[in-house]
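Please look through the sequence and the structure below before reading on. The paragraphs that follow lead from one pair of residues outward to the parts around them.

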Amino acid sequence: RISSKSRAKQRKKLKAAEEAYGKMEFLEYDRSNLPIDIVEAFFQFKYEIRKRKYNMTAAEYLDRYHVSHCYVIRFGDTIGAIRFSCEQCPVVYGENFTYNPALADYSLGRAVFIYHLVRMVEKKHTELFFAGGNYEYKKHYGSIEETLYDCEINVSELDFTDLIAQD
């Protein structure tokens, strides 16, 4: 669902990145073999791009956000982009991603996103879910946008006696 013009433009950017930084690799890790330096690079890139500090260790982050897999674009020792996902069932959650700000001109965030989509199809996952945010990339590739609401219910203020009496 990507236009031929967009595909050509992406290929051109990836070719330019390889010319500047060396051979590009698409890597995939599961939680058991994910190098800590990749998570630390994720933290660094997020801080440089969004000023986001996580204030936790790599293991704490992976546990807290239930990360099961990681997709990486790498040029030798240089990490270009990182994508975390939660793949515990047929519906996958795209947890988070970032890219190396020094390589921003090469659209590596988009490239790792496309790579992730391809891998999800190959793995026969049925859906890919993204939480909130009005980011443009979430509206591409035939996605369906649904508005959901979060709410809080104070259980201590509810009267359950009517429900209990019916049983």
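**From one bridge to the whole sheet**

Let us begin with a single pairing: cysteine 70 has phenylalanine 84, in strand E3, as its bridge partner. The model in which this pairing appears is a predicted one. The bridge belongs to a wider arrangement, since strands E2 and E3 run antiparallel to each other and are joined over seven bridges. Between the two strands of this hairpin lie two residues, and glycine 76 takes a positive phi near 60° there.

E3 also pairs with E4, again in the antiparallel sense, and here the pairing extends over six bridges. Within E4, tyrosine 99 is the residue that stands opposite alanine 81. The hairpin that E3 and E4 form has four residues between the strands. Is E3 largely enclosed or not enclosed by the rest of the structure? Eight of its nine residues are buried, so E3 is largely enclosed by the rest of the structure.

The two partners with which we began return when we turn to the interior. The largest nonpolar core has 20 residues, and those that touch the most other members are Leu34, Ile38, Tyr61, Cys70, Ile82 and Phe84. Strand E1 (24-30), helix H2 (36-50), helix H3 (58-64), strand E2 (69-75) and strand E3 (78-86) each supply at least two residues of this core, and H2 gives the largest share, with six residues. A second, separate core is made up of 15 residues, among them Ala17, Val92, Tyr115 and Met120. In soluble globular proteins, nonpolar side chains tend to be buried together.

To see what surrounds one member of the largest core, consider tyrosine 61. If its neighbours within four places in sequence are left aside, tyrosine 61 is in contact with Phe42, Phe43, Tyr54, Met56, Val67, Phe84, Glu95 and Asn96.

The cysteines deserve a careful look of their own. Cysteine 70 counts as buried because its relative accessible area is 0%, and the limit for a buried residue is under 20%. Cysteine 89, by contrast, counts as partly exposed because its relative accessibility is 39%, which lies between the limits of 20% and 50%. How many disulfides does the model contain? The count comes to zero. For cysteine 89, the nearest cysteine sulfur is that of cysteine 86, which is 9.5 Å away, and a disulfide requires the two sulfur atoms to be within 2.5 Å, so cysteine 89 is in no disulfide.

Glutamate 87 is found in the loop between E3 and strand E4 (91-99). Glutamate 87 counts as buried because its relative accessible area is 10%. Its side chain makes polar contacts with two other side chains, that of tyrosine 71 at 2.6 Å and that of serine 85 at 2.5 Å. Apart from its neighbours within four places in sequence, glutamate 87 is in contact with several residues, including Ser68, Val92, His116 and Met120.

Two of these contacts, His116 and Met120, lead on to helix H4, where both are among the buried residues. Others buried in this helix include Leu108, Gly109, Val112, Phe113 and Tyr115. What distance should the 15 residues of H4 (residues 108-122) span? At 1.5 Å a residue, they should span 21 Å, and because the end C-alpha atoms of H4 are 21 Å apart, the model agrees with that expectation. Just after H4, lysine 124 takes a positive phi of about 65°.

Key: Residues numbered from 1 in each chain as written. Predicted model: local features only at pLDDT ≥ 70, side-chain atom pairs only at ≥ 80, totals over all residues. Heavy atoms only, no water. Expected span 1.5 Å × (residues − 1). Buried < 20%, exposed > 50% of the residue type's maximum accessible area, 1.4 Å probe, protein only. Core = buried A, V, L, I, M, F, W, Y, C linked by side-chain atoms within 4.5 Å. Contact = heavy atoms within 4.5 Å. Polar contact = N/O pair within 3.5 Å; in protein donor to acceptor, adjacent residues only side chain to side chain. Pairing = 2+ DSSP bridges.
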